[in-house]
Amino acid sequence: MKKILIIRFSSIGDIVLTTPVIRCLKEQIPNVEIHYFTKKAFKGILENNPYIIKIHTFEKNIKEVAKELKNEKFDFVVDLHNNLRSLQTKNILRRPSASFTKLNFKKFILVNFKMNKMPAVHVVDRYMKTVEKLGVKNDGKGLDYFIPEQDEVAVSALPISHQNGYVGFVIGAKHTTKKLPAEKIIAICKRISLPIVLLGGKEDSKQAEEIEKAVGTNIYNACGKYNLNQSASLVKQAGKIITHDTGLMHIAAAFKKQIFSVWGNTVPAFGFAPYMPGEHSKIVEVKNLSCRPCSKIGYNKCPKGHFKCMMNIDVGEFK
């Protein structure tokens, strides 16, 4: 094996979860070159990974880079996405390959019939299964995330009140049913004595302003003010992280942070809980709710209208 291509097109958290595969391939196969194929929007997650020699990207169609990929003459393809596009890529390359098993039917059974047939195996360990035939094993070191020097946020750039330590609170998530309502976040923040940095994108700024106004000077609103790597730097420097099921949760796990992960309509049984996080990490969820999980991804609003999976979260859990 001289040259291996890893395929994972999206998204932030899913790509971070592939990093043990990248590292183990590079460290356990002598003189191997690791290439990675992803969407252009996610290239920045991997650009500073020292185990990758080249990142191949596309914007709309994989045919944009078909010739480039074929010219690389890969020895093996590790498909960690296993969708139509990755199948097309493998058909173009016609090289030996192994594909990640998605277990979509078992997820369907869990969502629609509330019968958990999912294996008690984290998705990272399922990713690692794809490279077993190459003699590669999980080294047990967890996830990786590499921040470029120019994106490291100096603590001195934060408000003076936050320069001696803070709790990071990731208030964003792609889907509304994966996020605590503002009033719940406010209630949690009011119980925390340490300074708090709110983390999220520009789309979370309005809610962050509402939280900041309600809680007071204990809050620094960082939502929309930093790029992903800079937000990762703030996660890295936090004392602990409170987060929804989202990309920054997995980045926090890469830095071995103490994580309080909050689960709404999705469940850890899908295999995406924080992987090897810091000591005293905790999963916070409403158990034995008959309508949960209602989706393997999420919705813009609760299908039942009551949103009990988040409204019933016990604010006393965040100690």
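**Exercise 1. Is Phe108 buried, exposed or partly exposed, and how is Phe108 placed relative to Phe105?**

Step 1. Phe108 has a relative accessible area of 43%, so Phe108 is partly exposed. The cut-offs are under 20% for buried, over 50% for exposed and in between for partly exposed (1.4 Å probe, protein chains only).

Step 2. Phe105 has 60% relative accessibility and counts as exposed.

Step 3. Both residues sit in helix α5 (residues 104-113), three residues apart, so about one helical turn separates them. Helices (H or I, at least four residues) and strands (E, at least two) are DSSP runs, numbered from the N terminus.

The model is predicted: local features need pLDDT of at least 70, side-chain atom pairs count only at pLDDT 80 or more, and totals for chains, interfaces and linings use all residues. Residues are numbered from 1 along each chain as its sequence is written, and side-chain values use heavy atoms, with hydrogens and water left out.

**Exercise 2. Classify the ring pair of Phe9 and Phe37.**

Step 1. Take the rule. Rings of Phe, Tyr and Trp (its six-membered ring) pair if their centres lie within 6.5 Å; planes under 30 degrees apart are stacked, over 60 edge-to-face, the rest tilted. The whole structure holds nine aromatic pairs.

Step 2. Apply the rule. The ring centres of Phe9 and Phe37 are 5.3 Å apart and the planes meet at 85°, so this pair is edge-to-face.

Step 3. Place the residues. Phe9 is in the loop between β1 (3-7) and α1 (12-16), and Phe37 is in strand β2 (residues 33-39), so the pair ties together parts 28 residues apart in sequence.

Step 4. Check burial. Phe9 is buried at 1% relative accessibility. Phe37 is buried too, at 0%.

Step 5. Extend the picture. Ring pairs link Phe9, Phe37 and Phe58 into a cluster.

**Exercise 3. Describe the surroundings of Tyr166.**

Step 1. Tyr166 lies in the loop between α6 (123-129) and β6 (167-170). Its relative accessible area is 3%, so Tyr166 is buried.

Step 2. List contacts (heavy atoms within 4.5 Å). Beyond four places in sequence, the partners of Tyr166 include Leu158, Pro195, Val197 and Leu234.

Step 3. Look at Pro195. Tyr166 and Pro195 are 29 residues apart in sequence, yet 4.8 Å apart in space, C-alpha to C-alpha.

Step 4. Look at Leu234. The Tyr166 side chain reaches the backbone oxygen of Leu234 at 2.6 Å.

How values were computed
A polar contact is a pair of N or O atoms within 3.5 Å; within protein, one must be able to donate a hydrogen and the other to accept it, and residues adjacent in sequence count only if both atoms are side-chain atoms.
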